[in-house]
Each structure stands twice: as C-alpha cells, then as structure tokens.
Amino acid sequence: QKLKMVKICCLGAGYVGGPTMAVIALKCPSVEVVVVDISVARIAAWNSDQLPIYEPGLDDVVKQCRGRNLFFSTEIEKHIGQADIVFVSVNTPTKTRGLGAGKAADLTYWESAARMIADVAKSDKIVVEKSTVPVKTAEAIEKILIHNSRGINFQILSNPEFLAEGTAIQDLFNPDRVLIGGRETPEGKKAVQVLKQVYANWVSEDRIITTNLWSAELSKLAANAFLAQRISSVNAISALCEATGADVAEVAYSVGKDTRIGPKFLSASVGFGGSCFQKDILSLVYICECNGLPEVASYWKDVIKVNDYQKSRFVNRVVSSMFNTVSEKKIAVLGFAFKKDTGDTRETPAIDVCKGLLGDKAKISIYDPQVSEEQIQRDLALKKFDWDHPVHLQPTSPTAVKQVTVTWDAYEATKGAHGVCILTEWDEFRKLDYVKIYENMQKPAFIFDGRNVIDPQKLREIGFIVFSIGKPLDPWLKDMPAVV
Ligand code: UDX
Ligand code: UDX
Ligand code: ADP
C-alpha cells in the first residue's frame, strides 16, 4: 500500500542529525527534509560551502540535495509545525550538578524540545528519538507530549543511530542494521511502518529490526558499551604486553581470528574518545545503580577506569622516560581529534594527555590537520563535563593556555622538541619524513606512539627512542621503570 508523502524535520544539525538527514534526502527524493537548529552559525555553515563538520563524502551528498529536498533553517517552529515525522537529535550531555551529577544524562534540551513540539504542532506527528538517551526517556517524552497535546496524536519511536564519525556516509549508505522501537499498540505499529518505509528506500528489509521502545533504547547504550569494552580489553592486555615482551598487535590478531570474537575494534590505543562511549557508559552505570544493580554498574564502570588508566599510563611513560621531568621541555603532539578523518575533539584522549603533560609544566606544540587552535584552546580550558553544553552556556572566552602552541605543520610542531606524542592515527603521520624530524629535534629524541602508526624498528634505526603501545619495550625504557 502506498503511503502518503511525508515531510521530515530534524531538530539538531550536529554530527548525527546533519549527515543522517542528508542521506535520507539523497535516498528519498520525494521526501522533503528540513534540518533545524537554534545555532544560527551552524545553520549558516550548513548552507555554505564550508560545512560545520568534516566528514568524508558529506560535501558531495549535501551538494546533490541541498535546495532540492534538503533544507537547513533556524525557523524551528514553522518547520516542526508542518512535519509528519520529527527527528530529535539534540545534545544529551552528562549532568554537571544536582542529582546524578557526573553520571546521569542531562535531558534539559530534550525536555524543552518536547514541550516546543507539543506547543507548535498543528497536525499528528511521529516523534523519533535519534540522540542516544537513557532507557525510558521515550516514556517521559511521551508523557510531556500527551499531556500537552490539544487533541493532536503523537507517536514516539526510538531509532538510535549507529554511525561512526569519519565513516558516517558509508555507515548510513550501508548500515549493519536500522533499529526502530515503538509502542505495541495498533497506532504504534503503524508509526513504526511509516519510518520503516523511509529506510526501505535503500536498506534491505532484513536489516531493519523492529522492537519495543525499551529494547531499542537499551540496544544503543549496550552496543556502545560493548564496543568500548573491547577497546578497554585490548588496552588492558597492552599493559601486560609491555610488561612481558608480547606484542599486542600479534595477540589481537590471533584473538580476533576466532570467529566468535572477530577481528574488528581490537586496536590498542592511548584510549578511546568521542562523544558517545564514556557518556553512554556513565548513563548505563547510573541506570543500573538506580535499579538496584550495583554489581552490574561496577562491571561497566571498570571499562571507563581502564580507559582512564591507559591515558595516565601514557603520560607516565612520557615523563618517566625523559628523566622524570618534562618541565619546560617542548613536546610535540601530533593529532588532537579523537580519531582520524574527523575534526571532532569531544572527549579526545589528547585532552587528558595534554593536561597531564601541562601538569608537569611541559611546553606543548600541537598539530592536527582538522582541528583549529581556537578549538584546542577551548578544550584544554574546559572542565570535564562542560564540553557538550552549548557554547553560550560555557564559561566565556576561557583564557588560552600559555604553555600551548598550535601549528599547521607537523615539521614545525616537532622542531626543537624533546619528544613527539602521536595521539591520532591520521594516515599522513605514517608518511612523515622521520629522518628530517629526528635531525631537527633535541637529543636524545623520543617518540611515543599512542596509536601504533609508526614502525618502531625503523625509527630506532634512525636514532629515536621509541615507545609504542603494547609493544616490546625499548631498552632505554626498561632502564627507566615507569610508575605505570
Ligand atoms: C561510536 C560507535 O562506533 C558508533 O556506532 C556510535 O553510533 C557512536 O559511537 P565514534 O565515537 O564516532 O562511534 O567512533 P569509533 O570509531 O567507535 O571510535 C571511538 C573511539 O575508540 C575513538 O577514539 C577510536 O580511536 C577508539 N578506538 C576504536 C580504539 O582505540 N581502538 C579501536 O580498535 C577502535
Ligand atoms: C572454551 C573455549 O570456547 C575454547 O576455545 C577453549 O579452547 C576452551 O574453553 P568450552 O569451555 O569447552 O571451550 O566451551 P564453550 O562453548 O566456550 O562454553 C563455555 C561456557 O560458556 C559454557 O558453560 C557455556 O554454556 C557458556 N556460554 C557460552 C554461555 O553462557 N553463553 C554463550 O553465549 C556461550
Ligand atoms: P550529536 O553528536 O548528537 O549530533 P551535536 O552536539 O553535534 O550532537 O548536535 C546537537 C545539535 O542540537 C547542536 O547543533 C545544538 O545547537 C542543537 N540543539 C540543542 N538544543 C536544541 C533545541 N532545543 N532546538 C534546536 N536545536 C538544538
């Protein structure tokens, strides 16, 4: 049966809302998609040649649809009022104060979005949760909508997004699965079908999973917790590899060959970052505690503990191998984004590593191909949980950290440095002229590879003292026992 043409509006033009809606518009030419946001600057950027986020392939998709059936606007109420399906993709930061501070999700933006939708709605709507939210958020939102409905019908669905940054367009074109949760009433089932029809334009039906609301919400938190747990597992093994002389890459390869485990997501690193993993695990931990499950809470909390340990272990390695002090020494940091192919720095391990080195009075010179000086300075000045709150709610113009300089060139960053830390796995770091870098550095010249992008043997031949995560230690480092 043919469904009537739908109008889609997405609230929140961020890393999730922007790319997801662009792909829906591309794949469903007969659907009108409007993305709205309170940030005038963000919307202006989406309407310009300089999109607000760096994502391979995104420019192309936006160019094909913008002005055709994809629009970006700040006229929130007008477009929400007209839409049949409203996706909500606004921030859900961690609470910084009050009940559950440092753990629970702050649903302020979600709640105000729901009240606004109820206020401006003129026709029946399907409201879709797109941002990751704690289990049972849909129920709360449903209550707000229904109690303010003025006779309008609202159906709430949970449709969590599983895209990863840096591969967002690929992930959206060819998702492992699309998950839609809804109420098991006839109206709920109908709403699920409407959203399913949108995705069925390009995703085969056997990959579209439908569940109840709670399963969909919990699946997203669980998936991120499982992924983060794999990284903490391999990172925990990396510490043991350094202690025993095993090589974490060899161990991970052998372990991943077991089809029950699988080869992906087993790269040891300086730690995971990104806007999702820590936040979602904290949220999961809080939900477990609230439901009287302290053992389950502490199991997941340890995934974060190992991640924090991995970052501080790295800093300790740097400091201890350089005669236990980096005071006034220039340390070059290559890579600041939380992973390659993105300019996103939310929760990047580079923040904690840099703060650790600054704590020991190092002078840091940073190069990242996609991150601006302004962004880096703001990240290093912000408090732990402030990063996901809108800029206007953050402390105004934090004072720049004097010990930090930012360059647009890896050679400039490393010139005269005592040590180099590689913190993001950008492809270009594999191809740098390390002989040239070595010649321009202080001696002994140290390199600390937090992403295993360089060949330690080759760099040792040049003359570097090399530390690579989870690899057999350089003789130098063995003589400088780190407090790790
Ligand atoms: C993640 C999930 O992958 C995605 O499904 C979800 O929708 C949002 O959260 P994202 O945070 O964008 O996506 O990137 P991801 O590729 O998962 O990487 C997260 C962090 O883990 C990065 O810091 C990355 O460098 C690190 N990582 C990843 C490792 O340290 N080792 C690995 O093997 C993989
Ligand atoms: C295990 C490893 O699988 C094998 O590779 C290794 O060589 C020896 O240890 P085994 O103990 O014989 O083999 O059986 P396995 O199938 O791994 O099951 C172990 C336990 O886990 C069983 O009690 C099983 O019931 C349980 N299990 C397994 C679950 O509870 N859930 C699962 O999804 C899988
Ligand atoms: P994500 O990674 O989940 O996409 P982002 O922080 O990148 O998160 O994007 C969230 C977007 O939501 C931001 O651009 C922010 O301005 C916007 N936003 C937050 N609250 C509201 C609101 N009440 N109305 C409209 N947009 C909002």
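The following exchange asks how several statements about this predicted model are justified.

Reader: Why is the protein called as compact as a globular protein of its length?

Author: The protein has 18 helices and 14 strands. Its radius of gyration is 24 Å, and the globule rule, 2.2 Å times the number of residues to the power 0.38, gives 23 Å for 484 residues. The two values are close, so the protein is called as compact as a globular protein of that length. Along the principal axes, the C-alpha trace spans about 75 × 45 × 45 Å.

Reader: Which domains does the protein have, and how many residues of each are in contact?

Author: The domain assignment gives domain 1 (7–203) and domain 2 (224–479). Their centres, taken over C-alpha atoms, are separated by 32 Å. Contact requires C-beta atoms within 7 Å, and 18 residues of domain 1 meet 20 residues of domain 2 on that test. On the side of domain 1 that touches domain 2, eight residues are nonpolar, seven polar and three charged.

Reader: Why is ligand 1 said to lie between the domains?

Author: A residue belongs to the shell if its C-beta atom lies within 6 Å of the ligand. Domain 1 (7–203) and domain 2 (224–479) both supply such residues, so ligand 1 lies between them. The ligand is surrounded by 19 residues, with Ser267, Ser269, Phe272, Gly274 and Cys276 the closest. Helix α9 (residues 213–244) gives the most to this shell, three residues.

Reader: What makes up the shell around ligand 1 by class?

Author: Eleven of its residues are nonpolar, five polar and three charged.

Reader: Which residues come nearest to ligand 3, and which helix gives the most to its shell?

Author: There are 21 residues around ligand 3, and Gly12, Gly14, Tyr15, Val16 and Val90 come nearest. Helix α5 (residues 108–120) gives the most, with three residues. By class, this shell holds ten nonpolar, nine polar and two charged residues. Gly counts as polar, and Gly12 and Gly14 are among the nearest residues.

Reader: Why is the crossing of α5 and α6 called right-handed?

Author: The name applies because the near helix is turned clockwise from the far one by less than a right angle. α5 passes α6 in this right-handed sense. The angle between α5 and helix α6 (residues 137–147) is about 35 degrees, and their axes are 9 Å apart. From α5, Trp110, Glu111, Ala114, Arg115, Ile117 and Ala118 make the contact, and from α6, Thr137, Ile141, Ile144 and Leu145. Seven of these residues are nonpolar, one is polar and two are charged.

Note on methods:
Residues numbered from 1 in each chain as written. Chains lettered and ligands numbered in written order. Predicted model: local features only at pLDDT ≥ 70, side-chain atom pairs only at ≥ 80, totals over all residues. Helix = DSSP H or I, 4+ residues; strand = E, 2+ residues; numbered from the N terminus. Axes fitted to C-alpha atoms, helices over the stretch in contact; angles between N-to-C directions. Contact = placed C-beta atoms within 7 Å. Domains from an automatic or database assignment.
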